[in-house]
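Before reading on, please take a moment to look over the sequence and to turn the structure around. The report below goes from the whole chain to a few chosen places in it.

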Amino acid sequence: MNIIGRYEKMVSKRPWAFITVLVVITLIFSFFASQMEMNFGEDDFQPDTEVALANRRVNEIYGRDGEQITLIFISENNVLSSDSLVYQLEFEEKILGSDFDMDMVETTPESPQGFSSPARLIAQTRFISELVDLSEQFIGPDQGDFSEIQQELSEKVFTLNTEEMKTIIGGGTLEVDFSFVPEPIPVEFDPFEPEMLDELYADPFISEIFPLEDILGFLLSSDYDRISHTASKSLMAIAVRGDIPEDRALESEKEIQRLTRESSHDEVSVRILGNALIQDEINQASGRNIAILMPAAFIFVIVVLGLMYRNITDTVLNLLSLIMAVIWVYGVGVLLGVNLGNPMMTTVPVLIIGLGIDYGIHYTSRYREELKEGKNVGQAITLAGATVGFAILLTTVTTIIGFMSNITSNISAIRDFGILCSVGILSAFILMLTFFPASKTIIDNRRKRKGKELVKEKKARKKLTLGKRFWAKIGEPETFCESDVSCVNNGLGLGAIAARTPVRVLIVVLLITSAAVYGGLQLEARYDFRDFLPSDLEVTDTFNMFVEDFDFSQETVFVLVEGDITQPSVFQRTEEVQNRATESDYYVPARSIESPYSLAISMINENSPNYNSSFAEIWDANMQDDVSSENIIAVYDGLYEYAPERAARVISEDYDGFVIRIPVDTRDETRVKETEEDMVWAMQPMKEEDLDRVIVTGGPIVSFSTFESINQGQIDTLLITFVIALIILTILYKYLGKGYSLGAITILPLVFVISWTFGTMYYLNIPLNPVTVTIAAITVGLGIDYSIHITQRFIEETERIDQPQCALCVAASHTGSALFGSATTTIVGFGILSLAIIPPLAQFGQVSAISIFYAFLASVFVSPTFLLLWYRFRNRSEG
């Protein structure tokens with residue numbers, strides 16, 4: 001008797017003791033499970049690669065790039081009309097007058113209120129254009145330095161309030177104070193017309209301050225016509241500091257969302273898009289996901305078990321075991337500090353239910369078989385454990401291997417998923433082989449003492465089954481075996497029949513596999529944090545509109561420099577790196593590069609709003625000939641003294657590193673890869689310096705690293721699962737005296753199943769993402785269960801039936817019935833995930849159901865061929 005049989009014997013002798021222990025453990029885990037929190041962030045899907053770790057270092061030392069709260073203005077006519085532009089400014093006034101937290105807005109000299117919009121941009125450039133003309137009239141060449149006038153004009157344009165800008169756009173008179181004239185200058189503005197943009201684009205003074213046409217192109221939808229100057233949509237961006245807590249940001253974004261819903265305009269509607277809102281929607285979707293999936297899963301279990309068992313007691317006991325397993329998982333998850341708010345974790349209880357129910361079905365079926373053969377309750381429990389229980393142990397080990405292989409992933413969310421699923425499978429195994437048999441021992445012994453029947457005999461059916469009709473049609477007798485054992489049951493023995501012609505089976509399998517491999521090789525990884533947004537939400541629709549209709553980019557690539565940055569050559573090389581970076585096709589000139597060098601240059605430029613005369617004196621005193629480290633330190637000190645917040649974004653406090661922030665616009669993996677190559681080329685001059693590290697990182701680069709991790713991760717986990725499962729099965733079957741090759745024969749059909757699954761994913765347009773990438777290892781871990789059950793039953797039958805074909809038929813038909821029920825419940829269990837409102841989880845459910853279906857087909861219709869060939873080859877070798 002094997003170890004499982006001995007364990008079941010102990011359970012049957014002391015059922016109350018085992019039940020008591022399990023209940024106490026469940027109560028302890030339920031306490032911890034009640035403490036779980038639902039939080040989720042994009043960092044959960046960042047890999048532990050060098051570029052990702054460097055990106056985190058930038059965020060920790062220099063601060064995160066501030067997020068943008070984006071408002072989309074949608075016009076029935078033209079968002080560049082005077083009326084639409086004035087409405088944008090009025091909406092800005094509503095935000096300023098609301099409960100919106102203005103302290104979270106990141107301001108700069110160029111944007112003292114942190115707002116950017118076409119209305120602001122056009123108002124500012126009109127103001128500059130008119131005032132430059134007037135200043136030239138009022139100030140003659142003998143009346144002062146015109147550069148000082150330009151400096152004053154530049155400062156004034158960035159301090160215009162919304163009322164003044166509304167006058168500039170809608171038409172009217174502004175009185176402007178200047179130090180170079182004694183009285184305010186009255187300035188007349190005609191109502192703005194879109195065609196006036198041509199003059200503004202051509203104004204040379206405006207071009208010196210900022211690239212109007214480029215910036216406006218980012219803020220207008222892609223249908224912007226540069227000839228007629230019409231566009232259907234525009235953006236208003238509100239810069240948010242990177243150190244704002246999520247709850248505070250969410251509160252302010254919801255305040256703006258309230259304004260968008262309450263505001264009305266005849267021609268213009270407004271949508272809001274903010275990271276905090278997106279994060280909140282994903283978190284809420286995770287909660288709704290559990291609320292949908294868990295009841296659906298339990299209803300499914302009740303229905304399936306009720307139909308299969310036709311016994312309330314067995315149904316309830318299986319259900320209780322699954323509930324306890326789910327509690328154990330959440331309890332362990334809290335103890336391990338796993339982020340249970342991750343949307344992937346909402347699939348775990350459904351997986352436990354879908355997989356754990358298999359254990360109950362197999363165990364109950366075999367237990368009933370033993371009772372029918374006249375065994376008493378204790379003997380039936382022991383024998384069920386010794387036979388099918390041992391097979392369940394093997395399937396549990398291989399399934400855990402499949403899930404635990406995900407711990408090799410460098411993405412924390414995938415590692416946590418693998419750990420929790422493994423805990424869940426182990427919990428279901430323990431409970432199904434402990435709580436269920438212990439409870440059955442107590443209940444069935446009591447029923448026996450009362451004289452009640454434990455198992456009802458099924459009435460014999462005269463109608464031929466599908467398998468027997470097929471057997472008869474091909475000219476063979478209804479009973480192939482010499483014994484009275486039924487060979488074919490409901491068509492599930494057809495694989496055993498087809499095994500008589502292995503060449504035909506192999507040809508069909510290889511043809512199907514070839515088509516699948518063709519599709520699977522073209523399968524690509526795809527990941528976006530916002531993919532987790534449910535498709536039916538307003539914020540999802542808004543985000544899709546933003547991606548599809550605008551070329552606006554908030555992406556930034558970092559060049560992180562670490563080491564002695566006080567070296568003069570290092571500081572001077574920064575200019576060369578920046579110049580090389582601007583040569584990239586994906587550099588965004590509408591946004592400024594941030595670095596110690598660019599900050600210093602802006603603060604000594606008299607035409608820049610960042611100009612600081614005190615810092616200019618420091619620069620002049622230190623950046624002449626023979627610059628030394630002491631001079632560079634003086635410059636850094638000056639930056640921290642006169643622009644501390646901006647200096648902290650690019651220079652470390654200890655002067656042991658700085659970062660160059662380069663704005664880029666990437667849209668797909670190809671462009672990200674090319675951008676990375678461009679920036680690596682740009683940083684080469686810095687690599688020549690004596691520094692500790694120079695590395696390119698940033699959001700797009702980290703995302704690309706995630707793609708590569710996904711692709712590499714599926715290969716790694718698949719190989720690990722295959723190799724470990726193969727080693728275990730090989731050692732086990734060798735120990736059982738079946739040779740080394742039976743392990744490989746058992747796992748071989750899974751090679752085809754993996755190919756079929758990936759091919760189907762390609763043809764159904766289901767991408768590889770952080771969720772679906774786990775499917776390969778899971779398919780092996782779960783699919784091998786079916787092969788093990790077939791193999792194990794075939795070994796048992798060959799020990800009592802001489803004819804291998806007959807033994808194969810019996811194994812396929814009897815175990816096939818349990819496998820059919822098991823596969824059906826697992827497929828439907830995973831199919832429930834397709835009800836998930838989070839798209840990647842729904843895709844995961846669909847792919848998992850497909851892979852389990854393929855695994856079932858392979859075990860019942862392909863494995864018999866390999867098993868028969870193995871048996872004949874082994875006997876021939878021994879003979």
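What follows describes the chain as a whole, then a pair of helices, and then several single residues.

The model is predicted, and every value given here is computed from it. The chain holds 34 helices and nine strands, and 57% of its 879 residues count as buried. If one takes the contacts between residues at least 6 apart in sequence, 79% of them join residues that are at least 24 apart.

**A pair of helices**

Two packed helices are described by the angle between their axes and by the distance between those axes. For helix α2, which covers residues 15–33, and helix α17, which covers residues 435–449, the axes come within 9 Å and cross at roughly 140°. Because angles over 145 degrees count as roughly antiparallel and the angles outside the named ranges count as oblique, α2 and α17 are therefore oblique to each other. The crossing in which α2 passes α17 is left-handed.

Which residues of the two helices meet? On the α2 side they are Pro15, Trp16, Ile19 and Leu22, and on the α17 side they are Phe435, Ala438, Ser439, Thr441 and Ile442. Sorted by chemical character, the residues of this contact comprise seven nonpolar and two polar ones, with no charged residue among them.

**Lysine 233**

Lys233 lies in strand β5, which covers residues 233–239. Is this residue buried or exposed? Its relative accessible area is 15%, and since buried means under 20%, Lys233 is buried. The side chain of Lys233 is joined to the side chain of Asp549 by a polar contact of 3.2 Å. Leaving aside residues up to four places away in sequence, Lys233 also touches several others, among them Ile72, Phe73, Ile74 and Val79, as well as Leu219, Leu220 and Ser221, and further along the chain Met545 and Phe550.

**Two buried residues in helices**

Met432 is placed in helix α16, residues 412–432, and with a relative accessible area of 1% Met432 is buried. The residues that Met432 touches, not counting those up to four places away in sequence, are Asn318, Ser321, Leu322, Gly356, Tyr359, Gly360 and Pro437. Between Met432 and Gly389, which are 43 residues apart along the chain, the C-alpha atoms are separated by 9.7 Å.

Cys809 is placed in helix α33, residues 804–832, and at 2% relative accessibility Cys809 counts as buried. Cys809 and Gly495 are 314 residues apart in sequence, while their C-alpha atoms are 8.2 Å apart in space.

**Two residues with positive phi**

Phi of Tyr655 is near 60°, which is a positive value in a residue other than glycine, and Phi of Asn765 is likewise near 60°, again a positive value in a residue other than glycine. Tyr655 is in the loop between α26 (644–648) and β8 (657–663), whereas Asn765 is found in the loop between α31 (749–763) and α32 (775–798). Tyr655 counts as buried, but Asn765 is exposed.

The table gathers the accessibility of the single residues treated above.

| Residue | Relative accessible area | Class |
|---|---|---|
| Lys233 | 15% | buried |
| Met432 | 1% | buried |
| Tyr655 | 15% | buried |
| Asn765 | 63% | exposed |
| Cys809 | 2% | buried |

Terms used:
Residues numbered from 1 in each chain as written. Predicted model: local features only at pLDDT ≥ 70, side-chain atom pairs only at ≥ 80, totals over all residues. Heavy atoms only, no water. Axes fitted to C-alpha atoms, helices over the stretch in contact; angles between N-to-C directions. Helix = DSSP H or I, 4+ residues; strand = E, 2+ residues; numbered from the N terminus. Parallel < 35°, antiparallel > 145°, perpendicular 65-115°, else oblique. Left-handed = near helix turned anticlockwise from the far one by under 90°. Contact = heavy atoms within 4.5 Å. Nonpolar A, V, L, I, M, F, W, Y, C, P; charged D, E, K, R; others polar. Buried < 20%, exposed > 50% of the residue type's maximum accessible area, 1.4 Å probe, protein only. Polar contact = N/O pair within 3.5 Å; in protein donor to acceptor, adjacent residues only side chain to side chain.
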